Amino acid sequence: MQRLLSPVKRLLQVKRGMQEAPAAAASLLPEALQRFSTFPAVPLAKTNTWPKDVGILAMEVYFPAQYVDQTDLEKYNNVEAGRYTVGFGQTHMGFCSVQEDINSLCLTVVQQLMERTKLPWDSVGRLEVGTETIIDKSKAVKTVLMELFQNSGNTDIEGIDTTNACYGGTASLFNAANWMESSSWDGRYAVVVCGDIAVYAKGNARPTGGAGAVAMLVGPEAPLVLERGLRGTHMENIYDFYKPDASTEYPVVDGKLSIQCYLRALDRCYAVYRQKIQNQWKQAGIDRPFTLDDLQFMIFHTPFCKLTQKSLARLMFNDFLSASSDTQISRYKGLEAFRGLKLEDTYDDKELEKALQKASLDTFNRKTKDSLYFSTYNGNTYTSSLYGCLASLLSQRSAQDLAGSRIGAFSYGSGLAASLFSFQVSPDASPGSPLEKLVSSMSDLPKRLASRKRVSAEEFTAIMEQREQFYHKVNFSPPGDRKNLFPGTWYLERVDELYRRKYARCPV
């Protein structure tokens with residue numbers, strides 16, 4: 001990370017020495033950063049340049065230290081074997097006790113990111129949180145995270161919480177990139193945090209829960225570059241999943257409607273994305289349709305893993321319907337009977353769904369399956385789900401496999417907001433390269449997941465009841481043994497009589 005730190009360190013040196021030697025200080029900056037000093041050669045608004053290759057430089061993933069096995073839940077809930085493990089495609093589900101809340105999850109993941117990268121705390125100029133786990137209707141999680149920056153004296157940090165179901169993390173990432181490519185950028189890094197505790201009332205939805213957080217360091221010259229101008233977005237007003245009752249953690253869910261909304265949003269985002277990239281290609285003299293073949297990998301927001309497999313198949317169906325008759329016959333074997341269908345008429349077509357999953361299985365295995373490791377073994381993490389899938393892909397593939405590829409990403413938040421966008425991966429996978437360092441940093445994800453404690457379905461249910469009991473309670477210290485938390489984990493130490501929360505950190 002030393003190569004990444006040096007521009008920021010030089011910029012901070014400039015800020016400290018401006019009053020004594022402004023001309024000399026400005027000379028410390030590389031040419032690209034001089035544009036963001038207080039002595040620009042020309043007004044920034046009149047320049048035609050952006051920081052180069054803005055994207056994800058580093059990542060950190062946090063999840064609770066305990067999980068429940070889905071086979072145990074199947075037995076406990078008296079459902080048929082395979083209902084959760086096969087029907088949902090889930091193996092384990094991580095969960096939090098009362099000792100952890102959304103603030104503690106985000107404190108932990110940001111602390112770990114900063115420690116892993118060895119970044120100085122004053123090198124961060126923007127910090128934004130995407131979450132739908134709301135424990136205060138006014139005070140943002142971001143304000144709690146500022147505690148981490150207190151000793152550095154760095155209070156000049158833009159950004160705040162962003163909320164819309166599972167979409168807040170993506171909105172925060174877009175905001176960070178937009179800030180960095182704007183006249184507001186001061187040359188420092190951005191940190192994007194997304195995390196949630198996904199819990200449901202007793203019933204069919206409870207096994208689709210989970211908990212976790214992801215922090216991302218955003219900056220120029222990144223190994224995962226956000227492709228500029230390539231975002232397909234769809235938003236509309238719908239009540240598929242929402243949380244109107246502030247007295248409970250649990251959402252109101254229309255599962256069937258939510259899946260239909262997810263797939264419809266995917267169709268529309270893909271159509272917009274495809275049109276935008278084809279327009280870019282035409283300007284470059286390339287005149288051909290965009291298809292799944294142009295994405296080497298495809299990751300999705302993953303409420304449960306089976307939906308992701310259906311989603312990849314859905315993209316293939318979009319390609320099939322827009323292809324010529326000859327291509328439909330030669331390229332898409334087994335789908336000929338569905339040539340006359342319209343997208344909007346097929347969301348409940350089980351025959352089509354079965355044919356699509358069969359036709360797309362090889363593509364799914366090559367482009368998407370590796371991204372589901374975290375979701376399979378930890379469950380749904382709402383805003384961080386998509387980025388847990390990105391971390392999984394990095395943990396399961398080598399830098400050489402990823403180098404030069406394009407990774408498509410679909411983000412969905414109920415209510416609804418959705419975007420399909422893409423990362424261009426650096427072609428440099430050499431030892432010590434930013435890409436190799438990023439991939440290496442994610443390689444321990446399977447080992448860390450395997451180190452968690454397995455908890456019985458009975459104990460899991462008791463902890464869920466305990467969370468209900470203490471939700472919005474005041475003047476208490478959470479029950480539980482701190483030894484059950486991972487080393488270095490932040491935890492809720494106390495809630496006082498005025499609802500003020502105090503946190504502490506386990507020894508590293």
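In β7, A58 has L217 as its bridge partner. The contact belongs to the pairing of β1 with β7, which is antiparallel and covers 7 bridges. These assignments come from a predicted model.

Strand β7 (residues 210-219) also pairs with β6 (residues 189-198). This pairing is antiparallel and holds 9 bridges. Within it, G210 in β7 is the bridge partner of A198, and M216 in β7 stands opposite V192. Strands of a sheet pair through backbone hydrogen bonds, in a parallel or an antiparallel sense.

Both pairings are part of an open sheet of 9 strands. The order is β5-β4-β6-β7-β1-β8-β13-β12-β11, and the pairing is mixed. Strands β5 (161-162) and β11 (297-300) stand at the edges. Each has a single partner strand, so one side of each lacks a neighbour in the sheet.

Strand β7 is largely enclosed by the rest of the structure, because 10 of its 10 residues are buried. In a regular strand, side chains alternate between the two faces of the sheet. In β7, G210, G212, V214, M216 and V218 point one way. A211, A213, A215, L217 and G219 point the other way.

Two helices lie across β7, among other strands. Helix α5 (residues 102-117) lies across β1, β4, β6 and β7, and runs at about 125° to β1. Helix α13 (residues 385-396) lies across β1, β6, β7, β8, β11, β12 and β13, at about 145° to β11.

Helix α8 (residues 255-283) has 29 residues. At 1.5 Å a residue it should span 42 Å, and its end C-alpha atoms are 42 Å apart, so the two values agree. Just after α8, G285 takes a positive phi of about 85°.

Definitions and conventions: Residues numbered from 1 in each chain as written. Predicted model: local features only at pLDDT ≥ 70, side-chain atom pairs only at ≥ 80, totals over all residues. Heavy atoms only, no water. Helix = DSSP H or I, 4+ residues; strand = E, 2+ residues; numbered from the N terminus. Expected span 1.5 Å × (residues − 1). Pairing = 2+ DSSP bridges. Contact = heavy atoms within 4.5 Å. Axes fitted to C-alpha atoms, helices over the stretch in contact; angles between N-to-C directions. Buried < 20%, exposed > 50% of the residue type's maximum accessible area, 1.4 Å probe, protein only.
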